[in-house]
Amino acid sequence: MIREAGALLMQYFARRVRIEYKAEADLVTEADRACEKLLIARLRAQWPSHNIVAEEGSGHQSSSEYRWYVDPLDGTTNFAHGFPVFCVSIGLECKGELVAGVIYDPTRDELFAAEQGTGAYLNGERMHVSAGESVAEALLATGFPSQKRHKNPNIYFYHALSLRSHGVRRAGSAALDLASVACGRFDGFWEFNLNPWDTAAGVLLVREAGGEVSNFSGGPFKIASREVLASNRKIHAELIELFQQIVNGNRLEELPQIQGK
Ligand code: IPD
Ligand code: CA
Ligand code: CA
């Protein structure tokens, strides 16, 4: 099902789609809607009684203890501009716990999958988080939500962490960022203001690959939490400590003067 959805995205990607706006700088395309329609039809056909929460609003409400979180196209801004970094993300929750997650990157034909308690897999091969022991040696990732971007304090975190690590990537797909932590390409990832469909699958992937996921102060990550901090576990405490210092206004370097000003 998820490969079929990915193939559909690639068809739209090849012919470039028109950009529409949900809000200022919050984009949507016909590919988001077509892909969501396909996924909902497949899920409803197989599990008619389950709840479905889908980003573009075509979900299904029921009293089932199962709930699917569907992001038909994570990385819409990239997709709409022709930048090939996007994916399909589907997570499943049962009685409030994440039990399964799949993320498919159709541009690389990479399928990331995990079931609670059985490990995480990339194209069928077991995957693990990285072994990096310190932030100084880490490659990190973050994102900047398009909504209320002027109210987002993440630029301070981005600045501080960029100066203390091998770098902070901002590739534009939170689900792929989490999948990249799970398979060891990134050592850590954080973002403010994410939605359950952005995180459900990726959080389970990270946990099943041996990583850790929490809120910014180290408390439990909840699917309704707006903030997520995921890492290879080894650098988690150091990241939380740094975040605390940034929140308290410490260890924030002055921005350098722009030459000639
Ligand atoms: C967005 C991406 C992006 C993140 C935004 C999300 P969308 O999802 O995951 O990386 O920074 O917060 O909203 O809108 O492309 O599905
Ligand atoms: Ca998303
Ligand atoms: Ca989306």
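Which polar backbone atom lies 2.8 Å from an oxygen atom of ligand 1? In this predicted model, the backbone atom in question belongs to T76. A second backbone contact is made by G172, a polar atom of which is 3.1 Å from an oxygen atom of ligand 1. A side chain also takes part: a polar side-chain atom of D71 is placed 3.3 Å from an oxygen atom of the ligand. On its own, ligand 1 has 380 Å² of accessible area, and the protein covers 89% of this area.

The shell around ligand 1 comprises 15 residues, of which D74, G75, T76, G172 and E191 are the closest. Sorted by class, the shell contains 5 nonpolar, 5 polar and 5 charged residues. Strand 4 makes the largest contribution to this shell, supplying 3 residues.

D71, which contacts ligand 1 through its side chain, also takes part in metal coordination. The calcium ion (ligand 2) has as its protein donors D71 (OD), D74 (OD) and D198 (OD), at distances of 2.1 to 2.2 Å. Along the chain, these donor residues follow the spacing D-x2-D-x123-D. Because D71 belongs to strand 4 and D198 to helix 6, the pair ties together parts that are 127 residues apart in sequence. Both D71 and D198 are buried. D74, the remaining protein donor of this ion, is also listed among the residues closest to ligand 1.

A further calcium ion (ligand 3) is located 3.7 Å from the calcium ion (ligand 2), and D71 coordinates both. Coordination of the calcium ion (ligand 3) is provided by E55 (OE), D71 (OD) and L73 (O), at 2.1 to 2.4 Å. The donors of this ion are spaced E-x15-D-x1-L in sequence. Distant parts of the chain are linked by E55 and L73, which are 18 residues apart: E55 is situated in the loop between strand 3 (51–54) and strand 4 (66–74), whereas L73 is in strand 4. The two residues fall into separate accessibility classes. E55 has a relative accessibility of 24% and therefore counts as partly exposed, since the partly exposed class lies between the 20% and 50% limits. L73, with a relative accessibility of 1%, counts as buried.

Helix 6, the element that contains D198, spans residues 196–208 and also includes G202. The relative accessible area of G202 is 0%, so this residue is buried. G202 is 20 residues from A182 in sequence, and the C-alpha atoms of the two residues are separated by 7.9 Å in space.

Helix 5 comprises residues 174–182 and includes S180. S180 has a relative accessible area of 11% and is therefore buried. A polar contact at 2.8 Å connects the side chain of S180 with the backbone oxygen of L176.

Helix 2 was examined for its span and burial. This helix consists of 17 residues (30–46) and extends 25 Å from its first C-alpha to its last, close to the expected 24 Å at 1.5 Å a residue. Its buried residues are A31, D32, C35, E36, L38, L39, I40 and L43. Among them are the acidic residues D32 and E36.

Methods. Residues numbered from 1 in each chain as written. Chains lettered and ligands numbered in written order. Predicted model: local features only at pLDDT ≥ 70, side-chain atom pairs only at ≥ 80, totals over all residues. Heavy atoms only, no water. Donors = N, O, S within 2.8 Å, 3.2 Å for Na, K, Ca; no water. Helix = DSSP H or I, 4+ residues; strand = E, 2+ residues; numbered from the N terminus. Buried < 20%, exposed > 50% of the residue type's maximum accessible area, 1.4 Å probe, protein only. Expected span 1.5 Å × (residues − 1). Near = heavy atom within 4 Å. Polar contact = N/O pair within 3.5 Å; in protein donor to acceptor, adjacent residues only side chain to side chain. Areas by Shrake-Rupley, 256 points an atom, 1.4 Å probe, with all protein chains shown as cover. Nonpolar A, V, L, I, M, F, W, Y, C, P; charged D, E, K, R; others polar.
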